[in-house]
Amino acid sequence: MAGLDPAKAGAEPRKLPFLIRRDGVWLYRGTPIERKTMVCLFGSMLTRDENGEYLLRTPFESGSIEVEDVPFLAVELEWKGCGRMQRLCFRTNVDEPVVASREHPIRAVWDVPPDACGDGGCPPYLLVRAGDGRFPVEARLTRSVWYELAALAEPGTCNGVPCMGVWSCDCFFPLARLCAESKTA
């Protein structure tokens, strides 16, 4: 390929001194970035490479950054309509709106016993945007948004397994396995 330095082809991306903590706080050289506009700007330039590494691509430099879980949090939920045509719109901590749909699915570890995920449970994730490869950039639903979503859940099935889930834009997203006592009630 023209323009590529053969010595750099396949080389690991340069490590940048950023860390995104599990609680959504962005650190630069160990210090929290307190200007939300800067976090929003950097968040808009975040992607993932074909190996799943998080990359920050600015007009001036590009490199990998450390992310403890996922880079974004879904901090707000608005819904319109009901049933299959309900529309679930999330807002991330970087003020990016994302509507749950086929292009932006909600991913949950749902087909497990309730105690399989530990004390905090298994929070759902929302695909914010595609990465450069097969690894997407996601937001983890905060506990309050997760509870709001659970309040909208209704019985359904996924892969033949009874479950509770939500509809958005004609897509069903399973959230939890239906309890045995719920099936008979």
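## Starting with a serine

In which strand does Ser168 lie? Ser168 belongs to strand 14, which covers residues 161-168. Before going further, please keep in mind that this is a predicted model.

Ser168 is a good place to begin a tour. Its relative accessible area is 0%, so Ser168 counts as buried. The side chain of Ser168 has polar partners on the backbone of other residues. A polar atom of that side chain lies 3.0 Å from the backbone nitrogen of Leu88, and the side chain also reaches the backbone oxygen of Ala100 at 2.7 Å. Leaving out residues up to four places away in sequence, Ser168 touches Arg84, Gln86, Arg87, Leu88, Val99, Ala100, Ser101 and Phe173. Both backbone partners, Leu88 and Ala100, appear in that list.

## A buried glycine

Next comes Gly63, found in strand 6 (residues 62-67). How accessible is Gly63, buried or exposed? With a relative accessible area of 0%, Gly63 is buried.

The neighbours of Gly63 come from other parts of the sequence. Not counting residues up to four places away, Gly63 touches Pro13, Arg14, Leu16, Tyr54, Leu55 and Leu56. Pro17 gives another point of reference: Gly63 and Pro17 are 46 residues apart along the chain, and their C-alpha atoms are separated by 9.3 Å.

## Helix 1 and its cover

Helix 1 spans residues 36-44, and its buried residues are Val39, Phe42 and Gly43. Looking down the axis of helix 1, these buried residues fall within an arc of 100°, so they line one face of the helix.

What covers those buried residues? The cover includes strand 1 (15-20), strand 2 (26-28), strand 4 (46-48), strand 5 (54-57), strand 7 (72-80) and strand 11 (125-129).

One of these covering strands, strand 4, is home to Thr47. Thr47 has a relative accessibility of 10% and therefore counts as buried. The side chain of Thr47 joins that of Asp132 in a polar contact of 3.4 Å. Setting aside neighbours within four places in sequence, Thr47 is in contact with Glu53, Tyr54, Leu55, Arg57, Ala130, Gly131, Asp132 and Val137.

## Charged pairs

Now for the charged side chains. Side chains of opposite charge can pair when their charged atoms come close. How many salt bridges does a search of the whole structure find? The search finds 11.

One of them brings together the side chains of Arg91 and Glu76, with an N to O distance of 3.5 Å. This pair links distant parts of the chain, 15 residues apart: Arg91 sits in strand 8 (residues 87-92) and Glu76 in strand 7. Arg91 is partly exposed, with a relative accessible area of 27%, and Glu76 is also partly exposed, at 32% relative accessibility. Arg91 and Glu76 belong to a network of salt bridges that also links Lys36 and Asp95.

## Bridges from the loops

Arg84, which we met as a contact of Ser168, forms a salt bridge with Asp170, and their closest N and O atoms are 3.0 Å apart. Here the partners are 86 residues apart: Arg84 is in the loop between strand 7 and strand 8, while Asp170 is in the loop between strand 14 and strand 15 (171-177). Arg84 is partly exposed, with a relative accessible area of 47%, and Asp170 is partly exposed at 28%.

Another salt bridge joins Arg129 and Glu96, whose closest N and O atoms are 3.2 Å apart. Arg129 lies in strand 11 and Glu96 in the loop between strand 8 and strand 9 (97-99), 33 residues apart. Glu96 is partly exposed, with a relative accessible area of 23%.

## The cysteines

A disulfide is a covalent bond between the sulfur atoms of two cysteines. How many disulfides does a search of the whole structure find? It finds zero.

Cys169 helps to illustrate this. The cysteine sulfur closest to that of Cys169 is in Cys171, and because the distance is 7.0 Å, the two are too far apart for a bond. Cys169 counts as partly exposed, at 25% relative accessibility. Cys82, in turn, is exposed, with a relative accessible area of 64%.

Terms used:
Residues numbered from 1 in each chain as written. Predicted model: local features only at pLDDT ≥ 70, side-chain atom pairs only at ≥ 80, totals over all residues. Heavy atoms only, no water. Helix = DSSP H or I, 4+ residues; strand = E, 2+ residues; numbered from the N terminus. Buried < 20%, exposed > 50% of the residue type's maximum accessible area, 1.4 Å probe, protein only. Polar contact = N/O pair within 3.5 Å; in protein donor to acceptor, adjacent residues only side chain to side chain. Contact = heavy atoms within 4.5 Å. Disulfide = S-S within 2.5 Å. Arc of directions from axis to C-beta. Salt bridge = Lys/Arg side-chain N within 4 Å of Asp/Glu carboxyl O.
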